[in-house]
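Colleague: Take me through a close look at one part of this model, please. Start wherever you like, and spell out the cut-offs as you go, since I don't live in this software.

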Amino acid sequence: MHLLEHWDILLSNEVNKKIFSDTLLSGKIKGKLSYLNGLKGILFSDISITQYVEKEYKYDSTVSLTESNRKLNTFSSGERKKIFLNYCLAQKPDYLIIDNPLDHLDQISRANLKNALEKISKSIRIIQLVNRSTDLLPFLSNKAHIRDNSFKLYKINSKKIEKKNLKKSSIPTLLSDHTKSDIEIVRMEKVSVSYENKIILNSISWNIKKGEFWQLVGPNGSGKSTLLAMIAGDNPKGYGQNLFLFGKKKGSGESIWEIKKKIGIYSTAMTDLFQKRETVENMILSGYFDSIGLYTEPTSLQKQTVKKWLELINMSELKNNYFNQISIGQQRIVLIIRAIIKHPIVAILDEPFEGLDDENVTLVGQLINILVSETNMSIICVSHRIETILTPNLVYELVPTDSGSIGKIREIH
């Protein structure tokens with residue numbers, strides 16, 4: 001009898017999550033989950049939400065998920081998940097696959113979603129797929145670990161979860177070091193941003209100096225993405241304001257490409273941009289040229305540097321694999337290396353741990369700490385979680401108010 005049998009499944013990054021989910025939904029799964037075959041399932045995930053947003057944009061959809069007829073892309077991450085979850089439940093499925101539901105959420109939104117899922121579990125079967133052991137939910141009775149694409153269910157044993165370690169001072173020799181310059185990195189003086197008469201950022205002042213390690217925090221919808229876009233030079237709202245990037249006031253004649261040469265950017269959303277049939281090696285090499293794909297012939301020295309990076313992160317055997325055929329976790333590690341391969345003056349890491357399993361969280365955390373201790377790179381890291389492996393010395397917090405988010409600076413000693 002499998003009336004309301006729930007499963008909480010911890011997935012290693014080596015597992016192809018899409019194939020596993022598709023196998024479940026197709027009714028062809030084997031083993032302990034085969035009781036789901038023949039039942040109606042629906043997938044609740046960030047990818048599903050993104051696909052719905054794209055459908056809204058492409059077809060200018062008038063089919064709204066809300067009574068207000070607001071489109072899904074106008075809501076914050078937490079609000080989107082709540083609305084899309086209600087949409088999934090309205091389809092009356094027999095079971096719900098929830099894929100890393102707590103990713104990209106602030107602490108309050110995480111607590112609210114956990115409570116909502118616990119209530120739902122009393123009336124519908126839940127199969128939760130997570131990469132972090134801390135995201136396992138106590139009210140889901142069955143726990144299992146899937147280590148590879150055999151999809152075999154193993155007992156979870158945290159003591160046996162291996163940790164990857166990077167050797168200190170093992171960063172490949174830099175081809176050039178832009179951070180030797182003493183130019184001003186970022187300076188904002190009472191910068192404000194509004195959209196459709198709604199104030200998003202209110203009188204933000206923030207100075208970023210060479211070699212500083214900042215953590216940018218704030219609840220969903222507080223304007224973190226807007227602030228990062230200002231620093232990256234992608235947001236036209238910076239023109240006419242006291243925003244200085246690398247010693248030049250925004251709009252004083254610099255090109256966007258001059259700015260991008262000095263910045264390395266990683267975000268989880270980039271994974272969807274890089275889905276052409278490029279090899280892992282070429283994806284990392286493209287970071288030298290700030291291109292989506294490799295269109296410039298790299299030097300032998302650049303190729304040798306990439307080889308050393310792949311050795312460092314234990315992914316040498318994936319060098320010639322197509323990027324879109326490796327696991328999501330592996331893709332994200334590759335994109336983080338791509339962001340820092342040119343040794344930029346500033347590295348913007350927007351939620352670098354989301355989608356990674358416990359093993360790769362340790363690897364990426366060690367990598368960031370080595371960059372902090374052994375380079376003059378300025379690092380801005382966005383994370384909704386409290387990652388104990390990281391040791392930022394400065395925190396910039398966006399605090400929402402009725403008249404837009406204000407900024408607060410905290411020093412960590």
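Modeller: Glu351 counts as buried because its relative accessibility is 10%, where buried means under 20% relative accessible area, exposed means over 50% and partly exposed is in between, with a 1.4 Å probe and protein chains only. Bear in mind that this is a predicted model, with local features needing pLDDT of at least 70, side-chain atom pairs counting only at pLDDT 80 or more, and totals for chains, interfaces and linings using all residues. Residues are numbered from 1 along each chain as its sequence is written, and side-chain values use heavy atoms, with hydrogens and water left out.

Glu351 sits in the loop between strand S12 (346-350) and helix H11 (358-374). Those labels are DSSP runs numbered from the N terminus: helices are H or I with at least four residues, strands are E with at least two. The backbone is worth a look, too: phi of Glu351 is near 55°, a positive value in a residue other than glycine. Phe151 is another case to look at, with a positive phi of about 60° although it is not a glycine. You'll find Phe151 in the loop between S5 and strand S6 (186-195), and its relative accessible area of 16% is why it counts as buried. Then there's Lys92, just after H3, with a positive phi of about 55°.

That takes us to helix H3 itself, residues 77-90. Its 14 residues reach 20 Å from the first C-alpha to the last, close to the 20 Å expected at 1.5 Å a residue; the expected span is 1.5 Å times one less than the number of residues. The buried residues in H3 are Gly78, Lys81, Ile83, Phe84, Leu85 and Cys88. They pack against strand S2 (41-44), helix H2 (46-59), strand S3 (95-99) and H4. Lys81 might catch your eye: its relative accessibility is 4%, so it is classed as buried. Beyond neighbours within four places in sequence, Lys81 is in contact (heavy atoms within 4.5 Å) with Phe44, Asp46, Ile49, Asn100, Pro101, Leu102, Asp103, Leu105 and Leu113.

Over in helix H2 we have Val53, which is buried because its relative accessible area is 15%. Not counting residues up to four places away in sequence, Val53 touches Leu72, Asn73 and Arg80. For a sense of scale, the C-alpha atoms of Val53 and Glu317 are separated by 36 Å, with these positions 264 residues apart along the chain.

Now for the sheet pairing. All 5 of the 5 residues of strand S1 (residues 7-11) are buried, so S1 is largely enclosed by the rest of the structure. Trp7, Ile9 and Leu11 point one way, with Asp8 and Leu10 pointing the other way. Strands count as paired if DSSP finds at least two bridges between them. S1 and strand S5 (residues 142-146) pair in the parallel sense over 5 bridges, with His145 in S5 as the bridge partner of Leu10. S1 and strand S4 (residues 125-130) are parallel as well, over 4 bridges. Here Asp8 has Gln128 as its partner, and Leu10 stands opposite Val130. S4 is mostly covered, with 6 of its 6 residues buried: Arg125, Ile127 and Leu129 point one way, and Ile126, Gln128 and Val130 the other. S3 and S4 run parallel and are joined by 5 bridges, and Gln128 in S4 is the bridge partner of Ile98.

Helix H10 (residues 328-340) has 13 residues and reaches 19 Å, close to the expected 18 Å. Of those 13 residues, 12 are buried, so H10 is largely enclosed by the rest of the structure. Among the buried ones are Gln330, Arg332, Ile336 and Arg338.

Last stop, the second largest pocket. A pocket here is an open set of points on a 1 Å grid over the protein atoms alone, where a 1.4 Å probe fits and protein lies on both sides within 12 Å along at least five of seven lines; lining residues have an atom within 4 Å of a point. This one has 19 lining residues, with Gln107, Val217, Ser383, His384 and Ile386 nearest its centre. Helix H4 (107-120), strand S8 (213-217) and strand S14 (394-399) each give two or more residues to the lining.
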